[in-house]
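Welcome! Here is a short briefing to help you find your way around a structure you have not met before. Take a look at it first, and then read on.

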Amino acid sequence: MQPTPEHSKRCEQAVRPTCVCSTCGGSLHGWSGHLERARRGGEGVRELSEPAERQWWEQRRRFQENRRKAPTRYLRRAGGAVAVAAVVSWLAEHEDTVERLEKLGNAIHRDVFGDGLAAFAAQCSDTEPAFADYGRAVAGHFWCDLLAEIANVLDRGADLLGRVPDEVGAAVLEHGDAAEWGRVRTMLAEVALRLLWRSAHVLLGTDLPSAVLHLRVFAVLICPDPGGHSRVADSCLRPLARDTVRDHLTAGMDPEWLWGDKP
Ligand SMILES: [Zn+2]
Ligand SMILES: [Zn+2]
């Protein structure tokens with residue numbers, strides 16, 4: 001395992017819509033801060049929900065002023081922040097889920113990023129130096145893309161006990177998000193997908209609806225920009241805001257309209 005003594009607390013607590021942290025390759029981005037806010041309850045939730053609401057109403061006002069019809073990226077992003085606050089508010093009432101997601105997050109960071117991917121990258125970097133900085137190659141929307149697609153395939157009834165279905169890999173790579181990934185990130189994604197699948201099996205068990213829910217929530221927590229990242233918005237935020245966390249939304253919004261059509 002790679003030691004990460006210098007990891008930035010700003011990355012772990014991040015709520016801004018970018019991630020360039022190569023130390024953790026985004027594997028620690030945002031989620032531990034969100035879990036910690038959920039543990040603090042109302043006060044922790046308000047840290048997110050109050051600025052998110054203000055931003056949402058401001059973007060709504062601009063949207064109407066400009067007589068827009070389709071949701072803009074700004075509006076989607078603002079709605080995403082309100083929905084993330086709702087997810088954290090829901091988590092505040094589900095301690096067991098917080099525990100489980102923390103185990104999943106630690107497995108992603110230590111076992112998948114720190115162990116498995118590190119070993120693969122070290123092996124490849126002998127012949128391809130680009131693999132040496134593998135943390136940089138996977139920063140950004142990497143983990144959220146993979147987790148969202150795993151949730152999608154489980155939602156369609158795949159069995160976590162089996163091996164990774166080919167369709168997940170295809171779904172990850174065929175999506176527009178992967179168009180500019182390049183060879184190094186693509187190869188890392190294929191390895192990370194197998195490792196994530198195994199961790200999800202060990203930690204989330206065989207109850208499919210609950211595994212899907214956990215993966216969607218975690219994808220939202222680790223994504224640097226859930227409302228603006230189309231794969232996460234469409235596959236994770238939209239179903240969560242429509243069902244599980246609907247009663248926790250502090251601003252009225254229609255998730256189908258906001259994230260239903262691919263931008
Ligand atoms: Zn980081
Ligand atoms: Zn993302």
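The points below go through the metal sites, the pockets, the cysteines, one backbone angle and a few distances.

Please keep in mind that this is a predicted model. Two zinc ions are good places to begin: ligand 1 is held by H7, C11, C21 and C24, while ligand 2 is held by H141, C144, C223 and H229. After those come two pockets, with volumes of about 610 Å³ for the largest and about 250 Å³ for the second largest.

**The zinc ion called ligand 1**

- Four atoms coordinate this ion, namely NE2 of H7 and the SG atoms of C11, C21 and C24, at 2.1 to 2.3 Å.
- What arrangement do the 4 donor atoms around the zinc ion (ligand 1) make? Their angles run from 101 to 117°, so the arrangement is tetrahedral.
- Along the chain, the donors of ligand 1 follow the pattern H-x3-C-x9-C-x2-C.
- Because C11 belongs to helix α1 (residues 9-12) and C24 to the loop between α1 and α2, this pair ties together parts that are 13 residues apart in sequence.
- C11 is buried, with a relative accessible area of 8%, and C24 is buried too, at 0%.

**The zinc ion called ligand 2**

- For this ion the coordinating atoms are ND1 of H141, SG of C144, SG of C223 and ND1 of H229, at 2.0 to 2.3 Å.
- The 4 donor atoms of ligand 2 subtend angles of 97 to 117°, and therefore this arrangement is tetrahedral.
- How are the donor residues of the zinc ion (ligand 2) spaced in sequence? They read H-x2-C-x78-C-x5-H.
- Are H141 and C144 buried or exposed? H141 counts as partly exposed at 25% relative accessibility, whereas C144 counts as buried at 1%.

**The largest pocket**

- This pocket has a volume of about 610 Å³ and a lining of 28 residues.
- Which residues of the lining lie nearest the centre of the largest pocket? They are V15, R16, P17, R77 and A81.
- Four helices each give at least two residues to this lining: α2 (31-40), α3 (42-65), α4 (73-92) and α10 (208-222).
- Helix α4 provides the largest share, with 7 residues.
- Sorted by class, the lining of the largest pocket holds 16 nonpolar, 7 polar and 5 charged residues.

**The second largest pocket**

- About 250 Å³ of space lies here.
- Its lining is made of S8, R10, C11, A14, V15, R16, T18, C19, V20, C21 and H29.
- Two of these names may look familiar: C11 and C21 line this pocket and also coordinate ligand 1.
- V15 and R16 are in this lining as well, and both are among the residues nearest the centre of the largest pocket.
- By class, the residues lining the second largest pocket divide into 6 nonpolar, 3 polar and 2 charged.

**Cysteines**

- A disulfide is a covalent bond between the sulfur atoms of two cysteines.
- How many disulfides are counted in this model? The count comes to 0.
- Another cysteine to look up is C124, which counts as buried at 13% relative accessibility.

**A backbone angle and its loop**

- Most residues other than glycine have a negative phi.
- R67 is not a glycine, yet its phi is positive, at about 50°.
- You will find R67 in the loop between α3 and α4, where this residue counts as exposed at 72% relative accessibility.
- R68 lies in the loop between α3 and α4 too, and is partly exposed, with a relative accessible area of 46%.

**Distances to try for yourself**

- From R68 to E167 the C-alpha atoms are separated by 37 Å, and the two residues are 99 residues apart along the chain.
- K9 sits in helix α1 and is exposed, with a relative accessible area of 58%.
- Between K9 and A52 there are 21 Å in space, C-alpha to C-alpha, and the pair is 43 residues apart in sequence.
- A137 has its place in helix α6 (residues 134-138) and is buried, with a relative accessible area of 18%.
- The C-alpha atoms of A137 and C236 are separated by 24 Å, with the two residues 99 residues apart along the chain.

Note on methods
Residues numbered from 1 in each chain as written. Chains lettered and ligands numbered in written order. Predicted model: local features only at pLDDT ≥ 70, side-chain atom pairs only at ≥ 80, totals over all residues. Heavy atoms only, no water. 1 Å grid on protein atoms, 1.4 Å probe; cavity = no way out; pocket = protein on both sides within 12 Å on 5 of 7 lines; lining within 4 Å. Points joined across faces, edges and corners; volume = space filled by probe spheres on them. Nonpolar A, V, L, I, M, F, W, Y, C, P; charged D, E, K, R; others polar. Donors = N, O, S within 2.8 Å, 3.2 Å for Na, K, Ca; no water. Tetrahedral: all angles 85-135°; square planar, octahedral: opposite > 155°, others 65-115°. Buried < 20%, exposed > 50% of the residue type's maximum accessible area, 1.4 Å probe, protein only. Disulfide = S-S within 2.5 Å.
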